[in-house]
Amino acid sequence: TWLEQKLLEQGVSATQLSSAAARTAATNQISIANSISSLRFIGTVDWRDFVESLSVVEQTLRKDPAAMHVGQNFATRDRYRHVIEDVARRCESSELNVARETIALAQEAAECVGANDRSAHVGYYLVDQGRQRLEQVVDCRLSWKTRAKRAFRNHHLPLYLSPILLLTVLATSVVLSSFSGIALADWRYWYFAICGLIGASALAVPLVNLMVTSMLPPHALPRLDFSKGIPDIHRTMVVVPTLLSKPQEVDDLLEAMEIRYLGNRDPNLFFALLTDFRDAAECTQPDDDAVLAYARTALQRLNETYSEDRPCIFYLFHRPRQWNAYEQVWMGYERKRGKLEQFNALLRGGAQTAFSDIVGDVSILGSIQYVITLDTDTQLPRDAARTLIGNMAHPLNRPVYDANRKRIVKGYAILQPRASISLTSSARSRFSKLFAGESGIDPYTREVSDVYQDVFGEG
């Protein structure tokens, strides 16, 4: 009675209150559901594409005369934008104006030397040797630290060897000071001096290397994005130099090669075994023909298993033994190094007789652009091949050969991935942390930001 009296005084009924409470609960439920759906949408949206679509700097850089900027991975494009931010911060020009000047420089180079030259790519003026020219065009004011670093850029070798020599001499002098009673003409003095120099240098070199890795920051190499597939012009062969001795080893090698293929399936990626027989006292052994026939049959069977994908994916290149007069044994020419050398020569149309047995379609060999070499016990993580090829194919990483100096003066002829950092490793330097945080390849196959490039220069 009391409750009804109170409701009557407020001008409402119990039914009306119940309906209002139900409407409030329904409204709250819908709001919470919409909030959760919005959070899910935010989590699934690729904000990188969204931000780049609204960035005027990004839209300007996509006018790259070399037509390479849009084909790079996000990390490389983002690095370019950060460089433009840094340059604009040090001058009176806006980021958009710096981006336009970069495009203008690239277009000028494209008209002079062609769009395929590295200087026709915008990255040449952002992260490569054209950076200083861009800074001059926009009247960039450099800090004293940057000026000092660039002043010593052409003197890396003396700067690297000087502390090693200094530490070696100081350590040796401390040791020789305890032999003050020995005259300089005494043979014992020079014996201890030579031993001291050798021992001190063995300590000085790792100390200087540690200092260099602590002072020089790591830099990731620019990379093209091949996540959707490797282009035909960058067709690649993954090879494993190894030895054949028994059928069980052949089965293990083919199983490992099949696993690498399943993690890196691409129409322009092929897999091969470069094989020799083990060293022997004679040119041939009784089991040679049987083992080679077993390997040939097993590989053909593996190709038939995946014939719906492509007619020929897996290859076998086998070499006969040759007499080595120095080691007095029959062996494969130059062992692993010789296999790789002759295989590359075969790709270039030479070494036609180097391999006695070849299993696979040899018509594609002339179109192979890159070779990924793996050890027998080295795996190729999922899509790692595309990542490595994307690095090698980038215009700033392509090797430039100087015929007069007879060496690579720009870019890289060989890239060596790091294979020592595991997923659970506690030995994580800032170099390994940088590459472990970069998308696209597992931590233990990150490409090394080589300290010696900063010490000795490119090439």
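In the predicted model, the side chain of Arg48 lies over the face of Phe74, at 5.0 Å from the ring centre. A second arrangement of this kind involves Arg310, whose charged end sits over the ring of Phe270, 4.8 Å from the centre of that ring.

Phe270 also belongs to an aromatic cluster, together with Tyr315, Phe317, Phe343 and Phe355. Aromatic pairs in the structure number 13. One of them is formed by Phe317 and Phe343, with a centre-to-centre distance of 5.2 Å and an angle of 70° between the planes. This pair is classed as edge-to-face, because plane angles over 60 degrees fall into that class. Phe317 is located in strand S3 (residues 314-318) and Phe343 in helix H13 (residues 335-347), so the contact between the rings ties together parts that are 26 residues apart in sequence. Both Phe317 and Phe343 are buried.

Strand S3 is also part of an open sheet of five strands with mixed pairing, arranged in the order S6-S3-S2-S1-S7. The edges of the sheet are occupied by strand S6 (357-359) and strand S7 (370-373). Each of these two has a single partner strand, so one of its sides is left without a neighbour in the sheet. From one strand to the next, the twist averages 20°. Within the sheet, strand S1 (residues 236-244) and strand S2 (residues 269-277) run parallel and are joined by nine bridges. Phe270, the residue under the charged end of Arg310, lies in S2 and stands opposite Met237.

Two helices are placed against the sheet as follows. Helix H12 (residues 288-305) lies across S1, S2, S3 and S6, and runs at about 160° to S3. Helix H14 (residues 384-393) packs on the sheet with contacts to S1, S2 and S7, and its direction makes about 130° with that of S7. Strands S1 and S2 are thus listed for H12 and also for H14.

A further buried position is Thr60, found in helix H4 (residues 56-61). The relative accessible area of Thr60 is 9%, so the residue counts as buried, the cut-off being under 20%. When residues up to four places away in sequence are not counted, Thr60 touches Leu96, Ala99, Arg100 and Ile103.

How values were computed
Residues numbered from 1 in each chain as written. Predicted model: local features only at pLDDT ≥ 70, side-chain atom pairs only at ≥ 80, totals over all residues. Heavy atoms only, no water. Phe/Tyr/Trp six-rings, centres within 6.5 Å; stacked < 30°, edge-to-face > 60°. Helix = DSSP H or I, 4+ residues; strand = E, 2+ residues; numbered from the N terminus. Buried < 20%, exposed > 50% of the residue type's maximum accessible area, 1.4 Å probe, protein only. Lys NZ or Arg CZ within 6 Å of the ring centre and 35° of its normal. Contact = heavy atoms within 4.5 Å. Pairing = 2+ DSSP bridges. Axes fitted to C-alpha atoms, helices over the stretch in contact; angles between N-to-C directions.
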